[in-house]
Amino acid sequence: MAMTEQQNMMRRLQVQSFVLDDIRLYLDTHPDDKKALEWYHKYRKLKEQTEKEYVDRFGPLNSFQVDSDTRWTWVDTPWPWEGTV
Amino acid sequence: MWVYEKKLQYPINITKPDAKAAKIIITQYGGPDGELGASMRYLSQRYSMPYKEPAGILTDIGTEELAHLEMVSTIVHQLTKNLSLEEIESEGFAPYFVDHTVGVWPQAASGMPFSSSTFQSSGDPIADLHEDMAAEQKARKTYDNILRLIDNPEVIDPIRFLREREIVHFQRFGEAMRKVQDHLNEKNFYAINPGFDMNPHQGR
C-alpha cells in the first residue's frame with residue numbers, strides 16, 4: 001500500500017523521536033558523554049523541525065499545539081491506535 | 001506530570017483481524033510480565049531511589065513503558081476491531097467477548113486480571129533494581145514466545161521492536177545498579193538500605 005505524505009512525515013518524526021528516546025536513557029547513566037550529547041542536540045533539532053512542519057500541515061500532536069482560534073482542533077486529528085497515520 | 005502525544009513510538013498498521021493472535025498478545029498488556037506492570041513497577045519504585053541518575057532511569061523507562069502499553073493495546077485493538085461473530089466463536093474469542101466485546105482490558109492470556117501482585121516496590125534500591133533487570137528478561141522471554149506463535153509480518157514487526165527495547169532497558173538498569181553500588185560501602189553493599197537508613201529521622 002502506498003504511503004500518504006502524512007504517513008511519510010509521521011514515519012520520519014517517529015524515527016527522529018525514537019533516536020531521542022534511546023539517547024535519553026543512555027544519557028541518564030552517562031550524563032558526561034559528549035558524543036551522545038552531540039547526537040541529542042542534533043536529533044532534537046531535526047525532530048523539532050519535522051514536528052513543526054507536521055503540525056503546520058496536519059494539525060496538533062499534543063494539546064499545546066492548537067493554532068486555531070475558532071475550533072479546538074486537538075479532537076480532529078487521528079488517534080494513534082486508528083492505524084491511519 | 002505527563003503530556004500525551006498522538007503518536008505511537010513505533011508504527012502499527014494491522015490490516016487483517018486475528019483473534020488467536022490477540023488472545024496471546026494481550027498478555028503483554030495486563031499479564032504477569034506485561035507493560036502495565038512494568039510501567040507501574042518503575043514509576044512506583046522511584047520514590048525510594050535516593051540517587052538522581054537511577055531515579056532518572058526509573059522515570060524515563062517507566063514512561064517509555066507507557067508508550068509500549070499503548071503499542072500493545074493498539075495491536076490488540078487492530079487485531080480485534082473487525083472480527084466477525086463467526087471468527088469470534090471459531091477462534092476461541094467468545095469467553096473474552098462476552099465480558100468485554102472488543103474493548104481492550106488488561107488481563108493475562110489465561111484470562112487472569114492485571115494485578116499489582118506481579119511486581120514489587122520494596123523500598124530497597126538494590127532489591128528493586130535486581131527485580132527490574134529480571135523483569136526486562138521476563139518480558140523479552142514473552143516477546144520471544146509471541147514471535148514463536150505469530151506469523152503475520154504486520155504483527156511481528158512491532159513485536160520485534162518491543163523485544164529489542166527490553167534488552168536495552170536491561171542494560172540501562174544494570175548501569176543504574178552499578179551507580180547505586182558506587183554510593184555504598186564497597187566491602188558490604190547491604191550495610192545500609194539507602195532508601196531508608198539515610199533519612200536522618202530513620203537511620204540507625
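This report walks through chain B of a predicted model, then its contact with chain A.

A word on reading it: local features need pLDDT of at least 70 and side-chain atom pairs count only at pLDDT 80 or more, while totals for chains, interfaces and linings use all residues. Residues are numbered from 1 along each chain as its sequence is written, and chains are lettered from A in the order in which they are written.

**Overall build**

Chain B has 8 helices and 0 strands (DSSP runs, with at least four residues of H or I for a helix and at least two of E for a strand, numbered from the N terminus). Its C-alpha atoms fill a box of roughly 65 × 30 × 30 Å along the principal axes. Of its 204 residues, 39% count as buried, meaning that 20 or more other C-beta atoms, placed from the backbone, lie within 10 Å of the residue's own.

**The H7/H8 pair**

Helices H7 (residues 125-149) and H8 (residues 153-182) of chain B pack at about 165 degrees, with their axes 9 Å apart; axes are lines fitted to C-alpha atoms over the stretch in contact, and angles run from 0 to 180 degrees between N-to-C directions. That makes H7(B) roughly antiparallel to H8(B) (an angle over 145 degrees).

Here is how the residues at two contacts divide, counting Ala, Val, Leu, Ile, Met, Phe, Trp, Tyr, Cys and Pro as nonpolar, Asp, Glu, Lys and Arg as charged, and the others, Gly among them, as polar.

| Contact | Nonpolar | Polar | Charged |
|---|---|---|---|
| H7(B) with H8(B) | 17 residues | 3 residues | 6 residues |
| Chain A side touching chain B | 8 residues | 5 residues | 5 residues |

The contact between the chains takes 18 residues from chain A and 26 residues from chain B, where contact means C-beta atoms, placed from the backbone, within 7 Å.

**What sits inside**

Helix H3 (residues 35-45) of chain B is mostly covered, with 8 of its 11 residues buried. Among them are B:Glu35, B:Arg41 and B:Tyr42. The cover includes H2 (27-30), H4 (52-80) and H7 of chain B.

The largest nonpolar core (buried Ala, Val, Leu, Ile, Met, Phe, Trp, Tyr and Cys joined through C-beta atoms within 7 Å) has 41 residues, and B:Met71 and B:Ile75 are among those with the most contacts inside it. H4(B) gives the most to this core, with 10 residues. Leaving aside neighbours within four places in sequence, B:Met71 touches residues including B:Leu8, B:Tyr10 and B:Leu162. A second, separate core of 5 residues includes A:Leu13, A:Tyr54, A:Leu61 and A:Val85.

How values were computed. Parallel < 35°, antiparallel > 145°, perpendicular 65-115°, else oblique. Contact = placed C-beta atoms within 7 Å. Buried ≥ 20, exposed ≤ 12 C-beta atoms within 10 Å, placed from the backbone.
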